[in-house]
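Student: I would like to learn how to read a fold from its contacts and surfaces. Could you take me through one example, feature by feature?

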Amino acid sequence: MNNYVVGLVAEGAEGLSGHHARDGFTMLIGDEASGMSNQAYEASQGWAKHKVFIGNPFPCHNFFKRGVEAGDLLEVA
């Protein structure tokens with residue numbers, strides 16, 4: 001099994017699609033998640049088995065804010 005870490009700034013959904021790890025552990029860490037687009041989040045759904053999003057949900061109107069408001073995301077102060 002090969003392990004690796006890739007750090008990138010995704011300008012759009014294309015930058016977050018197509019990552020594959022045949023036998024591996026895949027994780028997306030989204031820093032400043034309030035600035036991530038819904039399209040980038042959706043592109044990661046196909047490959048990221050685990051996800052961690054860090055950010056302030058205000059003022060934004062994306063997946064991160066909806067998740068916090070719905071109680072689907074853990075808030076750590």
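Tutor: Gladly. Let us begin with a term we will need for packing: a contact means heavy atoms within 4.5 Å. Please keep in mind that this is a predicted model.

Student: Good. What is the order of the elements from the N terminus on?

Tutor: They run β-α-β-α, which gives two helices and two strands in the chain. The chain has 77 residues, and buried residues make up 29% of them. Of the contacts with a separation of 6 or more, 39% are between residues 24 or more positions apart.

Student: Now the packing. Which elements do the buried residues of α2 pack against?

Tutor: The buried residues of α2 pack against α1 and β2. In α2 those residues are Phe63, Phe64, Lys65 and Gly67. Just after this helix, Gly71 takes a positive phi of about 85°.

Student: Let us turn to aromatic rings. How does one describe a pair of them?

Tutor: By the distance of the centres and the angle of the planes. This structure holds three aromatic pairs. One of them joins Tyr41 and Phe63, which are stacked at 4.1 Å centre to centre with 10° between the planes. The pair links distant parts of the chain, since Tyr41 belongs to helix α1 (residues 38-44) and Phe63 to helix α2 (residues 63-70), 22 residues apart.

Student: Why is the pair of Phe53 and Phe63 called edge-to-face?

Tutor: Planes over 60 degrees apart count as edge-to-face. The planes of Phe53 and Phe63 stand at 65°, with the ring centres 5.1 Å apart, so this pair is edge-to-face. Phe53 lies in strand β2 (residues 50-54) and Phe63 in helix α2, so the pair ties together parts ten residues apart in sequence. Taken together, Tyr41, Phe53 and Phe63 form one aromatic cluster.

Student: How do the members of that cluster rank as buried, partly exposed or exposed?

Tutor: Phe63 is buried, with a relative accessible area of 9%. Phe53 also counts as buried, at 18%, because the cut-off is under 20%. Tyr41, at 24%, counts as partly exposed.

Student: And what about nonpolar side chains in general?

Tutor: In soluble globular proteins, they tend to be buried together. Here the largest nonpolar core has twelve residues in all, including Leu16, Leu28, Met36, Trp47, Phe53, Phe63 and Phe64. Helices α1 and α2 each supply at least two residues of this core.

Student: Could we look at one core residue in detail? Where is Met36 found?

Tutor: Met36 is in the loop between β1 (27-31) and α1, and at 14% relative accessibility it counts as buried. Leaving aside neighbours within four places in sequence, Met36 is in contact with Leu16, Leu28, Gly30, Tyr41, Phe53, Asn62 and Phe63. That list includes Tyr41, Phe53 and Phe63, the residues of the aromatic cluster.

Student: Next, charges. What can side chains of opposite charge do when their charged atoms come close?

Tutor: They can pair. A search of the whole structure finds one salt bridge. Glu69 forms it with Lys65, and the closest N and O atoms are 3.9 Å apart.

Student: How are residues three or four places apart arranged in an α-helix?

Tutor: An α-helix has 3.6 residues a turn, so such residues point the same way. Glu69 and Lys65 are both in helix α2, four residues apart, about one turn of the helix.

Student: Are the two partners buried or exposed?

Tutor: Glu69 counts as exposed, at 54% relative accessibility, whereas Lys65 is buried, with a relative accessible area of 14%. Not counting residues up to four places away in sequence, Lys65 touches Pro57, Phe58 and Cys60.

Student: Finally, the outside. Which residues make the nonpolar surface patch of about 470 Å²?

Tutor: Phe25, Met27, Ile29, Val52 and Ile54 make that patch. The elements giving two or more residues to the patch are β1 and β2. Ile29, for example, has its place in strand β1 and is exposed, with a relative accessible area of 55%. For the chain as a whole, the accessible surface comes to about 5,800 Å², of which 52% belongs to carbon and sulfur atoms.

Key: Residues numbered from 1 in each chain as written. Predicted model: local features only at pLDDT ≥ 70, side-chain atom pairs only at ≥ 80, totals over all residues. Heavy atoms only, no water. Phe/Tyr/Trp six-rings, centres within 6.5 Å; stacked < 30°, edge-to-face > 60°. Buried < 20%, exposed > 50% of the residue type's maximum accessible area, 1.4 Å probe, protein only. Core = buried A, V, L, I, M, F, W, Y, C linked by side-chain atoms within 4.5 Å. Salt bridge = Lys/Arg side-chain N within 4 Å of Asp/Glu carboxyl O. Patch = residues over 30% accessible without salt bridge, like charges linked within 9 Å, V, L, I, M, F, W, Y side chains within 5 Å. Areas by Shrake-Rupley, 256 points an atom, 1.4 Å probe, with all protein chains shown as cover.
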